[in-house]
Amino acid sequence: MEDFYTIQGEGFYQGHAAYFIRLGGCDVGCVWCDVKESWDVNAHPKISVNDLVKKAKSSGTEIVVITGGEPAMHNLESLTEELHKAGLKTNIETSGAYPLTGNWDWVCLSPKKFKAPHPSVFEKADELKIIVYNKSDFDWAEEHANKVRNTTELFLQPEWSKEKEMVPLIIDYVKANPKWKVTLQIHKYMNIP
Ligand code: SF4
């Protein structure tokens with residue numbers, strides 16, 4: 001769908017320069033999705049792995065973030081292999097709706113209520129990022145924290161349109177449950193993609 005060099009705005013790699021490759025196609029259907037234009041897999045051009053890797057490499061980045069859409073809908077073996085050959089780190093942001101293919105240096109699992117994660121993805125998650133849209137999401141977050149490894153980094157992120165309402169709740173929750181950390185979408189404050 002698009003690819004660009006920017007700053008990772010959220011989660012464990014927040015603040016790091018990263019080249020983003022956003023793959024088209026998603027059937028998860030989050031009501032608050034901010035990239036609905038990604039959903040139709042056929043609405044986007046097909047670009048070769050080599051061209052994507054060349055663009056990422058020439059940007060000067062060390063990290064490439066594969067996002068979507070739901071990138072795990074695609075077979076990502078050749079993309080991750082070629083990124084590694086170019087000396088780049090491979091990070092993925094996934095809802096976990098599909099089993100993962102490819103070889104990943106960092107897996108950010110951000111499960112969504114609209115389509116449950118495939119059970120195989122939990123053990124691969126280096127990071128669990130829960131989007132907090134309402135109060136009940138804290139219980140839901142704990143359910144998922146029980147399914148990942150005990151070394152997985154745990155993050156709570158307010159859904160952008162509910163930020164003012166949810167941030168105070170998240171602050172209180174993290175103070176009471178310090179295994180969790182707060183993450184905000186800082187790219188939106190910086191007006192960058
Ligand atoms: S998984 Fe991501 S891209 Fe898909 S609908 Fe949800 S927020 Fe949008």
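Me: Which element gives the most to the lining of the largest pocket?

Reply: In this predicted model, a pocket can be read by asking which helices and strands its lining residues belong to, and here β1 gives the most to the lining of the largest pocket, with 4 residues. Other elements take part as well, since at least two lining residues each come from β1 (2-7), β2 (17-22), β4 (89-94), β6 (127-132), β7 (153-158) and α5 (186-189).

Me: How many residues line the largest pocket, and which lie nearest its centre?

Reply: The lining of the largest pocket is made up of 40 residues, and those nearest its centre are R22, D34, V35, T67 and G68. The space in this pocket comes to about 780 Å³, and by character its lining divides into 16 nonpolar, 14 polar and 10 charged residues.

Me: How many residues line the second largest pocket, and which elements each supply at least two of them?

Reply: The second largest pocket holds about 430 Å³ of space and is lined by 20 residues, with L23, P45, K46, I47 and H74 nearest its centre. At least two lining residues each are supplied by β1, β2, α1 (49-59) and α2 (77-85), and the lining divides into 10 nonpolar, 6 polar and 4 charged residues.

Me: Where is there a cis peptide bond, and what is its omega?

Reply: The angle to read for a peptide bond is omega, and for the cis bond that joins G68 and G69 omega is about 10 degrees. G69 lies in the loop between β3 (63-67) and α2, while G68 is also among the residues nearest the centre of the largest pocket.

Me: What is the phi of N191, and is this residue buried or exposed?

Reply: Phi is worth reading together with the residue type, and N191, a residue other than glycine, has a positive phi near 55 degrees. N191 is placed in the segment after α5, and because its relative accessibility is 69%, where exposed means over 50%, N191 counts as exposed.

Me: How many residues of helix α3 are buried, and against which elements do they pack?

Reply: To read how covered a helix is, one takes its residues in turn and asks which are buried, that is, under 20% relative accessible area. Helix α3 (residues 137-145) is mostly covered, with 7 of its 9 residues buried, namely D137, F138, W140, A141, E142, H144 and A145. These buried residues of α3 pack against β6, β7, α4 (163-176) and β8 (180-182), and of these elements, β6 and β7 each also supply at least two residues to the lining of the largest pocket.

How values were computed. Residues numbered from 1 in each chain as written. Predicted model: local features only at pLDDT ≥ 70, side-chain atom pairs only at ≥ 80, totals over all residues. Heavy atoms only, no water. 1 Å grid on protein atoms, 1.4 Å probe; cavity = no way out; pocket = protein on both sides within 12 Å on 5 of 7 lines; lining within 4 Å. Points joined across faces, edges and corners; volume = space filled by probe spheres on them. Nonpolar A, V, L, I, M, F, W, Y, C, P; charged D, E, K, R; others polar. Buried < 20%, exposed > 50% of the residue type's maximum accessible area, 1.4 Å probe, protein only. Contact = heavy atoms within 4.5 Å.
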